[in-house]
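Please walk through this structure one region at a time, keeping the coordinates open beside the text.

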Amino acid sequence: MKEKLQAIFKEKFGTDSVVYASAGRINLIGEHTDYNGGFVFPGAIDKYIMAAININGTDKVRAYSADLDKFAEFGLNEADAPAEQWARYIFGVCRETIKRGGTVKGFDTVFAGNVPLGAGLSSSAALESAFAFALNDLFNDNKIDKFELAKIGQSTEHNYCGVNCGIMDQFASVFGKKNCLIRLDCRSLEYEYFPFDAKGYKLVLLDSKVKHELVDSPYNKRRESCERVAKALGVETLRDASIEMLNGIKDQISQEDYNRAEYVIDEKQRVLDVCDALQKGDFETVGDRMYKTHEGMSKLYEVSCVELDYLNDIAKECGVTGSRIMGGGFGGCTINLVKEELYDHFIATAKAKFNEKYGHEPVVIDVIISDGAHKVVD
Ligand code: ADP
Ligand code: MG
């Protein structure tokens, strides 16, 4: 992809260019934990956004999206925001860098990617992180630290794209490392790398292509439940709660709130269990916790849906080591940890059964845990 982008760049802008990339991400376990002060456990994947860039000596950015075959030109002042959504990601990253005291001058860019859009792999974070990293290298002597690069991406979503996201996606895209997952403590923002060297296994996502649009803000309702229980317990977030504490106030809260809190408390422990297991190379325990997360999301947190439950059941029937819904819920993908020798059987079975029931096949996305934002040097 590097040579292709540089060739297009030369054709469009007539000069050589330097290429940067950043990655989409998966989250192995730790769902709905971020706003409860808990842990998430993401990793960057081998699906990238790549951008060929050259400084152009003006105060304008000229950007060409090779995938969309669209061109945009914009200045670097707040009033210069482009109308196109894809260009707003780049503009936002420029603006957020400048707001933090960084330098950004005019540049030309040609970019493309293979992170599936809107599949829950965070193509937007990959796009932001590629440019945040590039601007840091091109104009700021790499003086902006990596956490700030992730925050530049997050603020871009908040301030220029209308998406009120947490820090996980951009964090994973910037900090990602080959064969490593990263446990991020969403309360302290401390993080730790854990080996994910899954020899003999594959990680595969099955995208159901289903998205249930729900009218009654289920996400906000889940947050409210968690906040109510935390308040009843006298703790800041459920991070500080245990099942014993929860049982102590059982008669003061609704069964629904109890279930929600039980899921969150269990999920915190499951992330820790998976990290321990990975250090021992114990993938059976990793898989077991993935299934338990799915069950919790389905039965206690009630954010799954019939299609994702069905994919999870198929995984179980096929003897897949671990499987769960990935992301906030109500559609999207399952993430599956599957032994290599079972892979073909699992994929064929999932496609056939899902198609029979829902009239279309799930989209298969193989992923390998890979490096995050970097300069591409052959
Ligand atoms: P995701 O869950 O994949 O992050 P989003 O809706 O947050 O989905 O972001 C997708 C948006 O990011 C696209 O609509 C587009 O504006 C931008 N984008 C992502 N990848 C590309 C690409 N390869 N080329 C152009 N724009 C892209
Ligand atoms: Mg996104």
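In this predicted model, Leu337 touches Phe196, Tyr201, Lys202, Leu203, Phe283, Val286, Gly287, Met290, Val320, Thr321 and Gly322, where residues up to four places away in sequence are not counted. Leu337 belongs to strand β11, and because its relative accessibility is 0%, under the cut-off of 20%, it counts as buried. By contrast with these contacts, the C-alpha atoms of Leu337 and Arg239, which are 98 residues apart along the chain, are separated by 27 Å.

Several of the residues that Leu337 touches, including Phe283, Val286, Gly287 and Met290, are also listed among the buried residues of helix α9, together with Arg289, Tyr291, Thr293, His294, Gly296, Met297, Ser298 and Leu300. These buried residues of α9 pack against β9 (201-211), α8, α10 (306-317), β10 and β11. As a general point, an α-helix has 3.6 residues a turn, so residues three or four places apart point the same way. The length of α9 can be checked as well: its 18 residues (283-300), at 1.5 Å a residue, should span 26 Å, and the C-alpha atoms at its ends are 25 Å apart, which agrees. At the start of this helix, a side-chain oxygen of Asp282 reaches to within 3.3 Å of the backbone nitrogen of Glu284, while α9 is followed by Glu302, whose phi is positive, near 50 degrees.

Helix α8, one of the elements against which the buried residues of α9 pack, can be put to the same kind of check. The 25 residues of α8 (255-279) should span 36 Å at 1.5 Å a residue, and its end C-alpha atoms are 37 Å apart, which agrees. After α8 comes Gly281, which has a positive phi near 70 degrees. Ile243, found in helix α7, is in contact with Glu262, Ile265 and Asp266 once its neighbours within four places in sequence are left aside. With a relative accessible area of 23%, Ile243 is partly exposed. Ile243 and Lys47 are 196 residues apart in sequence, and their C-alpha atoms are 39 Å apart in space.

How are the nonpolar residues of the interior grouped? In soluble globular proteins, nonpolar side chains tend to be buried together. Here the largest nonpolar core has 75 residues, and those with the most contacts inside it are Ile26, Leu28, Phe41, Phe107 and Phe196. Helix α3 (residues 123-139) gives the most to this core, with 8 residues. Apart from it lies another core, of 39 residues, among them Ala261, Ile265, Met297 and Val338. Phe107 offers a view into the surroundings of the largest core: leaving out residues up to four places away in sequence, Phe107 touches Ile53, Asn54, Ile55, Asn56, Lys60, Val61, Arg62, Ile90, Cys94, Phe131, Leu135 and Phe139.

Helix α3 also takes part in the shell around ligand 1, to which α2 (85-99), β6 (107-113) and α3 each supply at least two residues. In total 16 residues surround ligand 1, and the closest are Asp67, Leu117, Gly118, Ser123 and Ser124. A nitrogen atom of the ligand is 2.8 Å from an N or O atom in the side chain of Asp67, whereas an oxygen atom of ligand 1 lies 2.8 Å from a backbone N or O atom of Gly118. For Ser124, a polar side-chain atom lies 3.0 Å from an oxygen atom of the ligand. Taken alone, ligand 1 exposes 570 Å², and the protein buries 78% of that.

Three loop residues remain to be visited. Asp141 lies in the loop between α3 and α4 (146-160), has a positive phi near 50 degrees although it is a residue other than glycine, and counts as exposed because its relative accessibility is 59%. Phe330, which is not a glycine either, has a positive phi of about 60 degrees; it is found in the loop between β10 (322-326) and β11 (331-339), and at 18% relative accessibility it counts as buried. Thr237 is placed in the loop between α6 (218-233) and α7 (243-248) and is buried, with a relative accessible area of 18%. Apart from neighbours within four places in sequence, Thr237 is in contact with Asn36, Gly37 and Ala230, and its side chain reaches the backbone oxygen of Asn36 at 3.2 Å.

Note on methods:
Residues numbered from 1 in each chain as written. Chains lettered and ligands numbered in written order. Predicted model: local features only at pLDDT ≥ 70, side-chain atom pairs only at ≥ 80, totals over all residues. Heavy atoms only, no water. Core = buried A, V, L, I, M, F, W, Y, C linked by side-chain atoms within 4.5 Å. Buried < 20%, exposed > 50% of the residue type's maximum accessible area, 1.4 Å probe, protein only. Helix = DSSP H or I, 4+ residues; strand = E, 2+ residues; numbered from the N terminus. Contact = heavy atoms within 4.5 Å. Expected span 1.5 Å × (residues − 1). Near = heavy atom within 4 Å. Polar contact = N/O pair within 3.5 Å; in protein donor to acceptor, adjacent residues only side chain to side chain. Areas by Shrake-Rupley, 256 points an atom, 1.4 Å probe, with all protein chains shown as cover.
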